[in-house]
Amino acid sequence: MKKYLIYFLIFLAICFCIPIFFTSPFPIRKAKTTQSQNIQVNEVTVDSTYDYKKYKTVKLLHKKDNKVEELPFDEYLYGVVSSEMPASFEKEALKAQAVVARTYTLYKMSQNSKKHGEADICDDYACCQAWISKKDRLEKWKESSREEYWNKIVSCVNETQGKMITYEGKVINAFFHSNSGGNTESPVDVWGGSNYPYLQSVQTSGEDAYSEYASEVTVSKKKFEELILKVHSNFKIDYKEKDCIKIKEYTEGKRIKVIKIGNLELSGVEIRTIFGLKSANFKITIEKENIKFEVIGYGHGVGMSQTGANSLAKQGKNYEDIIHHFYTGVKIEDI
Ligand SMILES: [Zn+2]
């Protein structure tokens, strides 16, 4: 009897153990994979080659006197945000600008291009990004709004402290501009070279509400020819010829890609540079004695549009929504 009881107990033990033998490896392995996946995710999102935490200060080159000033990072950002975007804009737009400016600065630092010698970045908006001292900034605002505006800028930087934009774990090249005219641009259509996956052409409603960004440039036919001849000495044009000026192709962002002018085919970006236009989104008309450009938008059109950010904020979007709208497939992470 005892024997049978032992057999029975062994049988029970086997019955009990079989499911463990068969099932236990799976949860354990699963747990391990999850853990290693977590580790991997962390490794991917924090790029090992850059140590963002070391950037506590910014060495800023003042273009005016060629002097380098070292500023605490956030203090530097107060000067950038208050210089780059009107303080009257919506708070969420200003917060997006703060994160974009921080990201842009970190990108410049991590590139370590030595473009400005010892300095990380300069205060020229055409070269890096604009910056203004607190003293100069306050002086430019009406006295009645000084305190409110400054506090608003400071709180937008502080409320997004340490936030940066990444793509596949690396800080992005966070281009931005004033007004897209409704569609942002792919960098390849502006500067050539290769595209960035996170800088796609996107549409933003409400950009046309900023009529102050529409502009006109009129030059005499003589001046028009002179300016093109400076760059292309073989340039010829006969205004009697039909289609002597003709837009041949548009970019994805609805700007001029290729325009035929006389015997030349030029890019919209080149025409923008030659005639100092605010953007490459223009209409061109031959008048009696003049050539007229009607221009929409302001800036290269790549990345975040500042007025677009403000439009989105007015529509109830927060700074994260705004960033995800202008930069495709990115993450907003803490340094
Ligand atoms: Zn610069």
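# Notebook: loops, sheets and a core

I started with Asp243, which lies in the loop between helix H8 (221-231) and S8. Helices here are DSSP runs of H or I with at least four residues, strands are E runs of at least two, and both are numbered from the N terminus.

Before going on, I noted what I'm looking at. It is a predicted model, where local features need pLDDT of at least 70, side-chain atom pairs count only at pLDDT 80 or more, and totals for chains, interfaces and linings use all residues. Residues are numbered from 1 along each chain as its sequence is written.

**Entry 1: two odd loop residues**

Back to Asp243: is it buried or exposed? Asp243 is exposed, as 7 other C-beta atoms sit within 10 Å. My cut-offs are 20 or more other C-beta atoms within 10 Å of a residue's own for buried, 12 or fewer for exposed, and partly exposed in between, with C-beta atoms placed from the backbone. Asp243 caught my eye for its phi, which is positive, near 60°, though the residue is not glycine. Most residues other than glycine have a negative phi.

I found another case in Glu168, a non-glycine residue with a positive phi of about 50°. Glu168 belongs to the loop between S4 and S5. It has 13 C-beta neighbours inside 10 Å, so I put it down as partly exposed.

**Entry 2: the sheet after Asp243**

I followed the chain into S8 and found an open sheet of three strands, ordered S8-S9-S10 and paired antiparallel. Two strands pair if DSSP finds at least two bridges between them. Strand S8 (245-250) and strand S10 (264-267) are the edge strands, each pairing on one side only. From one strand to the next the twist averages 25°. Such angles are taken between N-to-C directions and run from 0 to 180 degrees, with axes fitted as lines to C-alpha atoms, for helices over the stretch in contact.

How many bridges join S9 to S10? I found four, between strand S9 (residues 256-261) and its antiparallel partner S10. Val258 has Ser267 in S10 as its bridge partner, and Ile261 stands opposite Leu264 in S10. S9 and S10 make a hairpin with two residues between them, and Gly262 in that turn has a positive phi of about 60°.

**Entry 3: the sheet around Glu168**

The loop with Glu168 led me to an open sheet of three strands, in the order S5-S4-S14 with antiparallel pairing. Strand S5 (170-171) and S14 are at the edges with a single partner strand each, so one side of each has no neighbour in the sheet. H4 packs on this sheet, touching S4, S5 and S14, and its direction makes about 65° with that of S4. S4 and S5 pair antiparallel over two bridges, and Thr166 stands opposite Val171 in S5.

**Entry 4: helix H11 and its neighbours**

Which residues of helix H11 (residues 319-326) are buried? My list has Tyr319, Ile322, Ile323 and Phe326. They are on the same side of H11 because they cover an arc of only 95° around the axis; the arc is that of the directions from the helix axis to the C-beta atoms. These buried residues pack against helix H4 (91-111), strand S4 (163-167), strand S13 (304-305), helix H10 (306-314) and strand S14 (331-334).

I then checked contacts, meaning C-beta atoms, placed from the backbone, within 7 Å. Leaving aside neighbours within four places in sequence, Ile322 touches Glu92, Ala93, Ala96, Ala309, Leu312, Ala313 and Lys317.

So I looked up Ala93, which sits in helix H4. Ala93 is buried, with 25 C-beta neighbours inside 10 Å. Outside four places in sequence, its contacts are Met85, Ala309, Asn310, Ala313 and Ile322. The C-alpha atoms of Ala93 and Gly308 are 8.7 Å apart, although 215 residues separate the two along the chain.

**Entry 5: the core and the whole**

A nonpolar core is a set of buried Ala, Val, Leu, Ile, Met, Phe, Trp, Tyr and Cys residues joined through C-beta atoms within 7 Å. The largest one has 61 residues, and Val81, Ala96, Ile322 and Ile323 have the most contacts inside it. H4 gives this core its largest share, nine residues. Domain 2 (52-208 + 301-334) and domain 3 (215-295) each supply at least three residues; the bounds come from an automatic or database domain assignment.

Last, I noted the totals. I count eleven helices and 14 strands in the protein. Of its 335 residues, 33% count as buried. Among contacts with a separation of 6 or more, 69% join residues 24 or more positions apart.

Note on methods. Contact = placed C-beta atoms within 7 Å.
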